[in-house]
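The following note is offered as a colleague's reading of the structure shown below. Its points are numbered so that each may be checked in turn.

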Amino acid sequence: MKNASQQYSPTMTKDYSRISDTARAVDAEVLPRMASYIRRISPQIAAMSADEVFVIADYGAADGVNSSELFEAVICQIHEVNPTLTIKLVYIDLAGPANFETFCATSALAKLKHVEAQYIQRSFYEPFPEITGKLQIGFSSTALHWLNAKTVGPDYFQHALCIQPNQLPDFERRKFAEKWKADWRSFLHECRASLVKGGALFFANLANLGDDRWPASPGYNNLRDICKELYEEKKLSEAELNAIFIPDYFATPHEMSRLLNEDDLRWCFAVNAVDPLTVPCAYFSKAQDKLDDPQERSKLAATLAHVVRAWSESSMWIGLHADNKDLIEDIYQRLRDKFYEKPEGLPYQYCLLELVKKT
């Protein structure tokens, strides 16, 4: 059997490469916060010399597309203060660099003067000596809910009935909540090592806002039901049913606040924001008045299944036996069918965090 680090390394499929309406909605919330921070440190920016570099990192960046408009606006604001300051964008993700390189070559960011870009293929839970003591702004959106698979054994992410921790009852979900806390403590300590004094973190964390208000829950629940159906049809073995599991956890804002209030983290960071946010499903909002039209209904179902596939397919592949990989297309066709039968939006619930390094 493969070890956990080989098994559970979730990545986005190549068709993730476009700026989503969800990302733009997050940008609209994050940009004013970043802009305010840059105004506060503008004397420091103005005083930076030609041989200094202003470093911005995107944790869980995929191919870099979704943060590109946000970063472009931030860079323009920085260059209004110090026009020749070199800005280095560091993109961090588990995926290979090919999709990033394709995006980077033709992006608007590539046309900006005094801007460099680096892609690091690595888990954001690992150390980053490349930016130790150099990071000014850290950013992440729709990424930091993934758990660190390298610290647990291959059987950790398995369940006979569910495919995601937030589907589980409280007593079963507890071990994932504890793992999330341990992973985040480690991650924030690495961020502290990377940040300069006064450096800031802006995270749009996918979050559980109570009841069924956790991100894209219809997508997860439909996939769970599809796996059960395939097992009952004897197309999935019991071992495969157990092994299909998406290794992420959506913490509540309260869990995030409680963690940040722990002594060692409270000493490291000033917490400027822990703000819940719901972004409605853009695809469903545009189509909900046209659902009587079979063509529009089918188009919506295909779009929703396509979006879910982008973040779930790697986990499906992990759970399936080598001789059963052709079942992937059946899984996502069934997902389209379920969204056609019962159209449901994929709203995204967030908790927006703004942290500033104190020491």
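Which residues have the most contacts inside the largest nonpolar core?

1. The model under review is predicted. Its largest nonpolar core has 117 residues, and those with the most contacts inside it are Phe54, Tyr59, Trp184, Phe187, Leu188 and Phe203. Helix 12, which spans residues 294–319, supplies the largest share of this core, namely eight residues.

2. Phe203 deserves a closer look. Leaving aside residues up to four places away in sequence, Phe203 touches a list of residues that includes Tyr59, Trp184, Phe187 and Leu188. Those four also appear among the residues with the most contacts inside the core. Further contacts of Phe203 include Cys191, Cys351, Leu352 and Leu353.

3. The sheet should be described next. Seven strands form an open sheet with mixed pairing, in the order 3-2-1-4-5-7-6. Strand 3 (115–121) and strand 6 are the edge strands, each pairing on one side only. On average, neighbouring strands of this sheet are turned by 15° against each other, direction ignored.

4. Strand 7 has a partner on either side in the sheet order. Strand 5 (residues 195–206) runs antiparallel to strand 7 and is joined to it by seven bridges. Within this pairing, Leu201 stands opposite Leu355, and the bridge partner of Asn205 is Cys351. Strand 6 (residues 269–279) also runs antiparallel to strand 7, with 10 bridges between them; here Leu277 stands opposite Tyr350.

5. Are the residues of strand 7 buried or exposed? Strand 7 covers residues 348–357, and 10 of its 10 residues are buried. In a regular strand, side chains alternate between the two faces of the sheet. In strand 7, Tyr348, Tyr350, Leu352, Glu354 and Val356 point one way, while Gln349, Cys351, Leu353, Leu355 and Lys357 point the other way. The residues on both sides are buried, and they include Glu354 and Lys357.

6. The cysteines call for a short remark. The structure holds zero disulfides. Cys191 is in no disulfide, because the nearest cysteine sulfur, that of Cys268, is 11 Å away, whereas a disulfide requires two cysteine sulfur atoms within 2.5 Å. Cys191 is buried, at a relative accessible area of 1%, and Cys268 is buried as well, at 2%.

7. The salt bridges number 19. One of them joins the side chains of Glu178 and Lys181, at 3.0 Å from N to O. Both residues lie in helix 6 (residues 170–194), three residues apart, which is about one turn of the helix. Glu178 is partly exposed, at 43% relative accessibility, whereas Lys181 is buried, at 18%.

8. Other salt bridges link distant parts of the chain. Glu262 forms one with Arg185, their closest N and O atoms being 2.8 Å apart. Glu262 lies in the loop between helix 9 (253–260) and helix 10 (263–268), and Arg185 lies in helix 6, 77 residues apart. Both partners are partly exposed, with 22% for Glu262 and 27% for Arg185.

9. Lys338 forms a salt bridge with Glu229, with 2.7 Å between the closest N and O atoms. Lys338 lies in helix 13 (residues 327–341) and Glu229 in helix 7 (residues 217–232), so this pair ties together parts that are 109 residues apart in sequence. Lys338 is buried, at 17%, and Glu229 is partly exposed, at 26%. Both belong to a network of salt bridges that also links Glu233, Lys235, Asp330 and Arg334.

Definitions and conventions. Residues numbered from 1 in each chain as written. Predicted model: local features only at pLDDT ≥ 70, side-chain atom pairs only at ≥ 80, totals over all residues. Heavy atoms only, no water. Buried < 20%, exposed > 50% of the residue type's maximum accessible area, 1.4 Å probe, protein only. Core = buried A, V, L, I, M, F, W, Y, C linked by side-chain atoms within 4.5 Å. Helix = DSSP H or I, 4+ residues; strand = E, 2+ residues; numbered from the N terminus. Contact = heavy atoms within 4.5 Å. Pairing = 2+ DSSP bridges. Axes fitted to C-alpha atoms, helices over the stretch in contact; angles between N-to-C directions. Salt bridge = Lys/Arg side-chain N within 4 Å of Asp/Glu carboxyl O.
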